[in-house]
Every structure is written in C-alpha cells, then in structure tokens.
Amino acid sequence: MPAQLAYSDYQIGRVIQSIKDMGELDNTLIIYIMGDNGASAEDPTGHGLTSEIGIMVNGEVDTEEFMLKNLDDFGGPWMAEHYSQSWAHAMNTPYQWDKKIASHLGGSRTGMVISWPAKIKQTGQIRSQFTHITDIVPTILEAASLPVPKSVDGFVQEPMAGTSIEYTFDNAKAPEKHSTQYFEIIGNRAIYKDGWIASTTPKILPWEGNHPASKDPVNDYKWELYNLNADFSQTNDIAAKNPQKLKELQDVFNKEASKYEVYPLDDRYIERLNPENRPNFNKGRNEFVFHEGTSRITEGMAPNMKNTSYSIKADIEVKSGDEGMIITQGGYFGGTAFMLLKGKPTFTYAFSHYPDHKWTIQSPTPLTAGKHTLVMNFDYAGGGAGKVAKVTILVDGKEVAKGDIPQTVPKRFSSDETLDVGEDFGTPVIRDYEVPFKFQGKIDKVTVNLKS
C-alpha cells in the first residue's frame, strides 16, 4: 500500500506540474481521494496471497515456501499479491472492520485532499463535516458555475444524491449540509444522520467469500449504534442503552433505501460475481467470430471457455518467420493464448502464476509463408469444474501437436484482463513472449466454437 501510494503520488505530481507549467494551477480545482474504501481483509489464508483471483476464486493454495522463494518479486509484474488480514486491520486503525463491510467506517472512510489556490484561502486545515462520494460531482458543478443537468442526450436525469461541499472551503466550522446517508454492500449496511450512525453487525467475515445467502437479509442482522460526535471510531456500541434512537435511525435507513432502490437486499458474494449469474448477451450462443483488432472484451462478455470443450479456428496469412498473438484470454495469473511463437503454432494455458501450473503445446515446425487455417481443439474431460483437457493443434487439416492440460481454471481467468485478437493487451500467459506481441502477419478471422 505505501509503495502504491508513493507511485501514485509521483504520477499525480507530474500532472500537477504540467498544470503549473501551463500557468493554470491557481485556478484548477484538484480533488485527490486516497482509495475507494478501507483496506481489504479478503485474504482467506492469514498470511497473504500472491494471486488474489487464484486463491479466492479458483481454489489455488499459496505455500509459504513459494512466497519466501519469490519474495523479491513482490510488488512487480509477476505477482498479484494481497496483504494479510492483520495488515488490513492495522491499516484501518482506529476504525472497525474493512473493505466490503459498508456498515463500519473501517470499510468506507478514506482520506481526501482538495486544492484550489485561487478560491481556498484557509489552507492546511482539516474539515470534519460529513462528506460522501456523491458530493464530488455537485462540488465540481458549483465550482464551475454549471447547473445540474436535467436532461442528457434526451434522457431525463435522476436528481443528484450529493451536496456540494464548496461551503466548507473557507469555513472549517460551517454547519454540516450532508446530514443523512445510507450505506449498503452485500447486506452490510448503515445509516448516518446528524452525527449518529447505526450499523449492522457483519455476519460473514471479509475473508469468507463463499457463504450461503441469509434467508432474510433484512432481519437476520443485529444492529449497533454509535454517536460519532463523541466516538468517532465506533468503539462503544450504545444500542442497548438507546433503543429508541436505534429504531429512529433504522426507520431512516428504510426510507433512504426505498428512495434509492436498495431493496431487495442480497448478501451473497462470489455467486453475484459469477458472470454466468448476470445478464449476458452470449447465453445460448455457441459460435463467435472475431477479427483482427478486437480487444478488451471482458470475461463476462467473452465466450465462456471454462469447463467445456471448444475449438478455435484461425484463418491467417504469414511470411516465413512471422509470429505474434492470434487470440488470448486472461493472462499470467490464469489464461490461455493461441499464437505463433517463433513461427510455430502454439497453445499455452495457465491455471495460475505458479511455474508448474503452465502448459504449452507447440508444433515442432514453423509455418511456411502463405495462407493457413489453424485449428486448436480443446477437449474437456467433463465430470465437474476444473478438470483435465486434451489439446490438439491442426494446420490446414493436419495434426501437428497435441498434449494434456492436467488442471483447468474452474471459475474465472481474471478480474481485469480480457479477450484480445491480434495482440495481447494484458500480461503474457507465459514469459516466452513480450506483450503486446502484435501479430506480424494478417488475421482474416478467428472463430470460437463452444461445444455444449
């Protein structure tokens, strides 16, 4: 976290310096928000992770031996590490709880700095008025003397929920204007009003990703009560001493939740993240045709090439020695790639970033110059998720290579990498090529056929 902030600070400093060089710094409003939530305690192991998606979603288990052996790689491109639960709690001190726990300030409170030299004269001071992320756009609009848009491109806009905080710029003691705010994520919820906050007690720990949904997520949760004016870190739960105040705030939550369409509540987590449980234009579709230049297709919108047999057919034209990416999904921490590597048709598969979780099937000979049709058949064994598969590569109808993939990704390749054709816009699946590894020949089309 400190290294990430140091890197971000440096890059933001470059932007600010450029604005200063333009002579516009005094009249520029800068809003710097340090993060989007509290520190994350989603590590299920207690000793941290080297690949968040692999451990939390696909069931890979980090070994301390691997972590210690590769310690020097932490913070670099070959690790997607996640700090431990204990570090998350330490970084959220003195507040309770962590990311995903919207009921407590440890999960939602974060630092913000605002600079506007031409406008803000009382600099270097702390502002204690309640502020929420919904206040940012109203603040920018007021600063720019722009009205809140009633319609955009013909679409009538919903009223903005936030309140401009420009009133605090030169008055640290100005009366608070954003007096009421609800919070809710995965069933954890809270309501702030006039210095008081009522918070549900978390039922599921942040590092417990897979858990059954509550039968009644509205009423299955206990509530806590805090007076933030006297107890800013939510240390003393006074719900038992103030049942009437708690009931008052619960009623306010219900009102706000109805107004902003929070209901119905759903406290599932991993199930809700699964692309198969979301609206998807690809459902019921088995054939996908892509052309060179197709890029950044998210996993939820890409062909679902997990736990099934499928084929990839590529019609290409090359010169002798051409290489490059034909089609890839995911990357180093979990993914697949069909490419020409040193001119040879190659399919590679990564279950994770561990060296023994990567498999490559490659033709022994490079392609000759001219037009070719390449086919990669991925024959899945079936019998559940994450099972073995056999891969066969054909060139112009002739088998040139085959091999086994002993362990396949059961749930998700990546949370941020995509499907790309003609080059690799993310991390490489294996270190034998350097991204973007743009295809040097010509790709007419790539066809993916899923076999139900």
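The paragraphs below lead through the helices, cores, cavities and unusual backbone sites of this structure. The model is predicted.

The account may begin with helix α4, which covers residues 85–92 and has Gln85, Ala88 and Asn92 as its buried residues. Viewed along the axis of α4, these buried residues fall within an arc of 60°, so they line one face of the helix. An α-helix has 3.6 residues a turn, so residues three or four places apart point the same way. The elements that cover the buried residues of α4 include α5, residues 105–108. In the loop between α4 and α5 lies Pro94. This proline is joined to Thr93 by a cis peptide bond, with omega about 10°.

Helix α6, formed by residues 136–143, has Ile136, Pro138, Thr139 and Leu141 as its buried residues. Those residues pack against β1 (30–33) and β2 (112–115). After α6 comes Ser145, which has a positive phi near 55°.

The nonpolar interior comes next. In soluble globular proteins, nonpolar side chains tend to be buried together. Here the largest nonpolar core contains 39 residues, and Ile316, Ile327, Phe347, Leu374, Met376 and Phe378 have the most contacts inside it. Strand β10, residues 309–318, gives the most to this core, with five residues. For Ile316, the contacts beyond four places in sequence include Leu340, Leu367, Leu374, Phe439 and Ile443, together with Lys371, His372 and Lys442. A second, separate core has 13 residues, among them Trp196, Leu246, Val252 and Leu265.

A search of the whole structure also finds two cavities of 30 Å³ or more. The largest has a volume of about 110 Å³. Its lining has 13 residues, of which Ile186, Asn188, Ile204, Leu205 and His211 are the closest to its centre. By character, the lining of the largest cavity divides into seven nonpolar, two polar and four charged residues.

The second largest cavity holds about 30 Å³ of space. Around it stand Met305, Ile312, Ile327, Thr328, Gln329, Thr336 and Phe338. Strands β11 (324–331) and β12 (334–341) each supply at least two residues of this lining, and β11 provides the largest share, three residues. Four of the lining residues are nonpolar, three are polar and none is charged.

One member of that lining, Thr336, deserves a separate description. Thr336 belongs to strand β12 and counts as buried because its relative accessibility is 5%, where the limit for buried is under 20%. Leaving out residues up to four places away in sequence, Thr336 touches Ile327, Thr328 and Gln329, and its other contacts include Tyr310, Phe347, Tyr349, Phe413 and Val429. Ile327 thus recurs in this account: it lines the second largest cavity and is among the residues with the most contacts inside the largest core.

The remaining sites lie in loops. Between α7 (243–259) and α8 (270–273) is the loop that holds Pro264, and the peptide bond from Tyr263 to Pro264 is cis, with omega near 0°. Glu261 is found in the loop between α7 and α8 as well. Although Glu261 is not a glycine, its phi is positive, at about 60°. Glu261 counts as exposed because its relative accessibility is 70%. Lys342, in the loop between β12 and β13 (344–350), is likewise a residue other than glycine with a positive phi, about 55°. With 69% relative accessibility, Lys342 counts as exposed.

Note on methods:
Residues are numbered from 1 along each chain as its sequence is written. This is a predicted model: local features need pLDDT of at least 70, side-chain atom pairs count only at pLDDT 80 or more; totals for chains, interfaces and linings use all residues. Side-chain values use heavy atoms; hydrogens and water are left out. Buried means under 20% relative accessible area, exposed over 50%, partly exposed in between (1.4 Å probe, protein chains only). Helices (H or I, at least four residues) and strands (E, at least two) are DSSP runs, numbered from the N terminus. Contact means heavy atoms within 4.5 Å. On a 1 Å grid over the protein atoms alone, a cavity is a set of points where a 1.4 Å probe fits but cannot get out, and a pocket is an open set with protein on both sides within 12 Å along at least five of seven lines; lining residues have an atom within 4 Å of a point. Grid points are joined across faces, edges and corners, and a volume is the space filled by probe spheres set on the points. Ala, Val, Leu, Ile, Met, Phe, Trp, Tyr, Cys and Pro count as nonpolar, Asp, Glu, Lys and Arg as charged, and the others, Gly among them, as polar. A nonpolar core is a set of buried Ala, Val, Leu, Ile, Met, Phe, Trp, Tyr and Cys residues joined through side-chain atoms within 4.5 Å. The arc is that of the directions from the helix axis to the C-beta atoms.
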